[in-house]
Amino acid sequence: SGLGLFLSQTLMHLMDADIEVSSSPGHGSTFGFAVGLQRGESTSDIVHMALNASTKLAPLLMLPEATQLPSSRGKQHDPSAISILVVEDNVVNQKVVQRHLQAAGYNVVLANDGRQGVVAFLAPDTHFDLILMDVEMPVLNGLDATRHIRLAERERHPNANKGVPIVGLSGNARQVHVDEGLAAGMDVFLVKPYTRTQLLETICSLVG
């Protein structure tokens with residue numbers, strides 16, 4: 001989709017660097033960059049820098065934890081009563097989404113891939129009001145994870161009209177990919193990068 005290259009270039013600009021490319025027809029392309037860093041930086045320092053850069057990529061306003069968000073049904077939306085499962089393999093994306101959801105008052109559980117997401121959903125005495133499901137993940141992708149969850153719901157509650165809302169997340173905006181997500185059982189599809197407002201409004205439209 002080209003989204004990854006755009007985000008990479010933006011990250012480089014935030015660190016006063018740039019991306020160079022050399023391309024040869026029939027042989028492919030090579031991308032490279034140079035970033036000035038201090039020696040001895042720990043992994044946690046690098047992750048912290050990446051988180052700060054990612055936050056700048058999506059400048060989303062933070063709401064106080066006590067803020068009441070209106071639901072699509074016209075009732076008061078109480079985030080503290082809602083548990084959200086975030087299934088995402090990218091640790092930076094995990095932390096950014098977790099930070100925004102918790103700032104709005106939601107309870108958040110993280111899963112690193114589709115298999116962990118299915119295991120978390122199936123865990124006894126566990127209830128999720130909504131699932132944010134990345135599509136492209138190792139071990140088990142978001143489409144297959146969604147299919148497993150929908151199958152488990154049908155086996156548990158064969159007479160239920162609707163299961164837990166699942167929001168598909170992907171950087172691929174092609175309609176065929178959106179259709180694949182909906183066909184797998186996702187309720188809504190958000191294309192990255194999305195804003196904090198879009199994310200919270202989507203959640204409010206599905207739970208309440």
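**Exercise 1. Decide where strand β1 stands with respect to burial, and describe its pairing.**

Step 1. Strand β1 covers residues 19–24, and of its six residues the number buried (under 20% relative accessible area; exposed is over 50%, partly exposed in between; 1.4 Å probe, protein chains only) is zero, so β1 lies largely in the open. Strands here are DSSP runs of E with at least two residues, helices are runs of H or I with at least four, and both are numbered from the N terminus.

Step 2. The model is predicted: local features need pLDDT of at least 70, side-chain atom pairs count only at pLDDT 80 or more, and totals for chains, interfaces and linings use all residues. Residues are numbered from 1 along each chain as its sequence is written, and side-chain values use heavy atoms, with hydrogens and water left out.

Step 3. β1 runs antiparallel to strand β2 (residues 28–33), and six bridges join them. Strands count as paired if DSSP finds at least two bridges between them. S24 stands opposite G28 in β2.

Step 4. Three residues lie between the strands of this hairpin, where G26 takes a positive phi near 85 degrees.

**Exercise 2. Give the strand order of the five-stranded sheet and place helices α3 and α5 on it.**

Step 1. The open sheet has the order β6-β5-β7-β8-β9, with parallel pairing. Its edge strands, each paired on one side only, are β6 (107–111) and β9 (188–191). From one strand to the next the twist averages 20 degrees.

Step 2. Four bridges hold β5 and β7 in the parallel sense. V86 has L132 of β7 as its bridge partner.

Step 3. α3 (residues 91–103) lies across β5, β6 and β7 and runs at about 165 degrees to β6. Axes are lines fitted to C-alpha atoms, for helices over the stretch in contact, and angles between N-to-C directions run from 0 to 180 degrees. α5 also packs on the sheet, touching β7 and β8 (166–170), and its direction makes about 150 degrees with that of β7.

Step 4. Q98 belongs to α3. Its relative accessibility is 17%, so Q98 counts as buried. Beyond its neighbours within four places in sequence, Q98 is in contact (heavy atoms within 4.5 Å) with V108 and L110.

**Exercise 3. Classify the packing of α5 against α4 and α6.**

Step 1. The axes of α5 and α6 come within 8 Å and cross at roughly 20 degrees. Therefore α5 is roughly parallel to α6 (under 35 degrees; over 145 is roughly antiparallel, 65 to 115 roughly perpendicular, the rest oblique). The contact involves L143, T146, R147 and R150 of α5, and E180, G181 and A184 of α6.

Step 2. For α4 and α5 the angle is about 20 degrees and the axes are 9 Å apart. α4 is therefore roughly parallel to α5. In α4, G114, V118, F121 and L122 meet A145, H148, I149, A152, E153 and R156 of α5.

**Exercise 4. Identify the largest nonpolar core and the elements that supply it.**

Step 1. A nonpolar core is a set of buried Ala, Val, Leu, Ile, Met, Phe, Trp, Tyr and Cys residues joined through side-chain atoms within 4.5 Å. The largest has 21 residues, and those with the most contacts inside it are L85, V87, I131, M133, I149, I166 and M186.

Step 2. At least two residues of this core come from each of β5 (83–87), α4 (114–122), β7 (130–134), α5 (142–156) and α6 (175–184).

Step 3. A second, separate core has 20 residues, including V86, L190, L200 and C204.
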